Amino acid sequence: MEALVGLKERQLIGLRPEDVYSPEIAARVEETDQQVFARNAPCTYEQWMVYPDGHSACFEMRKVPFFDARGKRLGVLGFGRDVTERQRHQQQLEQASREKTTFISTISHELRTPLNGIVGLSRILQETRLDAEQRQYLNTIHVSAVTLGNIFNDIIDLDKIDRHRLQIAPVRVDLPAFLSDLESLTRLMAEQKGLYLHFDLDGDLPHWVQTDGTRLRQVLWNLTGNAIKFTEHGGVTLRVYLIPETPRQLTLRFEVEDTGIGIPASELENIFTMYYQVNDKKHAVGTGIGLAVSRQLVEAMGGTLTVDSEEGHGSCFVLELTVECLDEPEPESNHATPDLRILLLEDVELNITVATALLEKLGHSVTPARCGAEALELVKPGRFDLLLLDIQLPDMTGFEVADQLLERHGTEGLPPMVALTANLIRDKSEYLAHGMTDAIGKPLSVDNLKRVLSQLFATPESNQLAVSPPEESVEVLDMGFLTDYADMVGKEVLVGAVKLFEQM
Ligand code: ADP
């Protein structure tokens with residue numbers, strides 16, 4: 001005590017806490033003394049104190065009431081134990097744990113790039129002619145890759161939640177297309193396990209809503225993935241209902257119900273905690289983070305995620321989320337002209353293959369560059385109509401490439417530049433500042449590409465390319481798909497299906 005406050009015992013006697021401690025510490029001393037007197041019971045707390053030489057230490061304080069032989073209370077006895085070292089270890093442990101999550105999240109980010117190649121190429125392959133066995137293998141490859149990607153997304157979000165960096169990014173979502181994607185993937189998974197999948201949609205679902213589609217997909221995918229994982233017989237039903245709120249807002253209610261092993265009542269809340277898995281060795285495959293991350297994502301979006309289940313009788317997870325309804329977007333004018341000459345700056349071979357396949361399918365020609373230097377050499381005035389620039393490159397960043405090109409040719413001498421990035425959450429102004437018009441997220445999707453290309457090249461002001469007049473006929477039938485389908489199943493089956501459709 002003498003060392004701590006810098007006074008001798010005889011000097012201390014008779015002083016009040018405020019005479020020896022700083023006001024803050026003195027208040028705490030008084031408060032805890034009073035607490036012991038009021039309850040006549042001990043109390044324990046931690047307190048940082050400062051020595052006269054300025055160094056501070058953390059004490060675990062224990063105060064107990066002090067009685068004489070006849071049980072009369074005489075006062076309070078206080079003990080302090082220096083736990084600074086222990087505190088420091090604890091902080092180091094927490095720090096190490098955070099760093100570990102960050103490390104795993106960084107790796108996941110890296111792994112996602114090659115994985116995007118697998119997802120993208122297997123999707124393209126699915127549209128080609130395959131025999132039944134090949135199709136089944138390919139579906140498994142595709143579903144596995146998507147599942148793996150989802151686990152990575154969970155880990156990356158986990159790290160963001162840990163560091164309070166989670167940002168919800170609401171975008172325009174095409175709800176029917178969103179649900180049909182979810183359905184086809186879930187169906188592939190269910191079929192592989194011999195389970196049924198019922199998809200039950202409210203008839204009045206809006207077409208366009210505003211929400212963080214990526215996160216919503218991630219959560220629903222976790223729920224349907226679990227439903228299939230924990231079900232051996234029967235199957236999974238996904239229902240989507242609509243609860244009107246205001247003219248512009250409505251609540252979407254997703255129910256994912258399975259006929260699986262169910263969850264004991266005592267575990268119902270635990271499953272939403274990190275790394276928790278119901279103790280059942282037979283089914284313990286997974287990470288235990290899916291539901292924890294899902295619930296935090298849903299809550300960050302202002303929604304709720306709950307569960308109803310009975311052991312042995314299946315589970316039903318319910319996600320409710322309020323979203324904004326959007327009007328139909330302006331009808332897209334004619335899609336990009338079919339003969340754009342595109343420079344694709346991208347160092348990962350798989351990504352080049354995927355992007356080239358997609359772009360060529362849309363009728364463009366692609367020249368790949370695998371590093372910044374190569375791109376700088378290839379770009380000559382008038383040679384390309386569009387530059388697609390990856391941001392992370394072996395020799396420099398896509399931003400540096402853009403800066404150097406701007407310096408060399410000026411805005412006038414350059415075609416539009418669009419960033420390709422796996423990290424879309426970045427502020428868009430960052431891209432604009434480097435002279436880029438837009439950014440497209442990876443993996444590239446046909447829709448995103450079409451959107452950006454038509455924004456860039458289908459406007460009348462565009463002086464880079466003549467815009468051909470919009471075609472009169474509106475495409476009702478997806479002829480590409482129909483042709484593939486007819487090739488696959490034969491003309492008769494197709495005609496039969498059309499007849500059946502007519503009858504119905
Ligand atoms: P993981 O599925 O990777 O183990 P989750 O966080 O997604 O991690 O789920 C945590 C636990 O909750 C699972 O391990 C399982 O015990 C239980 N659980 C989740 N969904 C279901 C379900 N549909 N049926 C039965 N148990 C489930």
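Me: Buried means under 20% relative accessible area, exposed over 50%, and partly exposed in between. This is a predicted model. Is F79 buried, partly exposed or exposed?

Reply: F79 sits in strand β3. Its relative accessible area is 47%. That value falls between the 20% and 50% cut-offs, so F79 is partly exposed.

Me: And that nonpolar patch on the surface, how much accessible area does it have together?

Reply: The patch is made of F66, L74, L77 and F79. Strand β3 (residues 73–82) gives the largest share, three residues. Together the four have an accessible area of about 380 Å².

Me: Which residues gather in a patch of negative charge on the surface?

Reply: One member is D395, found in the loop between β13 (386–390) and α12 (398–409). D395 is partly exposed, at a relative accessible area of 39%. The whole group is D395, E400, D403 and E407.

Me: Zooming out, how many salt bridges does a search of the whole structure find?

Reply: For scale, the chain has 504 residues, of which 40% are buried, and it holds 16 helices and 15 strands. The salt bridge count for the whole structure comes to 19.

Me: Let's take the pair D33 and K63. How far apart are the closest N and O atoms?

Reply: D33 is in helix α4 (residues 23–39) and K63 in strand β2 (residues 56–67), so many as 30 residues apart. Both ends are tucked away: D33 is buried at 17% relative accessible area, and K63 is buried at 5%. The closest N and O atoms of this salt bridge are separated by 2.8 Å.

Me: Which residue does E60 meet in a salt bridge?

Reply: The N to O distance in this bridge is 3.2 Å. E60 lies in strand β2 and its partner in helix α5 (residues 84–126), so the pair ties together parts 26 residues apart in sequence. The partner counts as partly exposed, at 39% relative accessibility. It is R86.

Me: What does R215 form a salt bridge with?

Reply: R215 lies in helix α8 (residues 213–229) and its partner in helix α6, so parts 58 residues apart in sequence are tied together. R215 counts as buried at 5% relative accessibility, and the partner counts as buried at 3%. With the closest N and O atoms 2.9 Å apart, that partner is D157.

Me: Which residues do salt bridges that share partners join into one network?

Reply: A salt bridge here needs a Lys or Arg nitrogen within 4 Å of an Asp or Glu carboxyl oxygen. Shared partners then join up one network: R239, R253, E255, E257 and E320.

Me: Is H142 buried or exposed?

Reply: H142 belongs to helix α6 (residues 132–162). Beyond its neighbours within four places in sequence, H142 touches V119, S122, R123, Q126 and L185. Its relative accessible area is 6%, and the cut-off is under 20%, so H142 is buried.

Me: What separates the C-alpha atoms of I161 and A300?

Reply: I161 also lies in helix α6, and counts as buried at 16% relative accessibility. Leaving out neighbours within four places in sequence, I161 is in contact with L166, V293 and Q296. A300 is 139 residues away along the chain, yet the C-alpha separation is 9.8 Å.

Terms used. Residues are numbered from 1 along each chain as its sequence is written. This is a predicted model: local features need pLDDT of at least 70, side-chain atom pairs count only at pLDDT 80 or more; totals for chains, interfaces and linings use all residues. Side-chain values use heavy atoms; hydrogens and water are left out. Patches are made of residues with over 30% relative accessible area and no salt bridge: like charges are joined within 9 Å, nonpolar side chains (Val, Leu, Ile, Met, Phe, Trp, Tyr) within 5 Å. Accessible areas come from the Shrake-Rupley method with a 1.4 Å probe; for residues, only the protein chains shown count as cover. A salt bridge is a side-chain nitrogen of Lys or Arg within 4 Å of a carboxyl oxygen of Asp or Glu. Lys and Arg count as positive and Asp and Glu as negative; His and the chain ends are not counted. The place of a charge is taken as NZ of Lys, CZ of Arg, CG of Asp or CD of Glu. Helices (H or I, at least four residues) and strands (E, at least two) are DSSP runs, numbered from the N terminus. Buried means under 20% relative accessible area, exposed over 50%, partly exposed in between (1.4 Å probe, protein chains only). Contact means heavy atoms within 4.5 Å.
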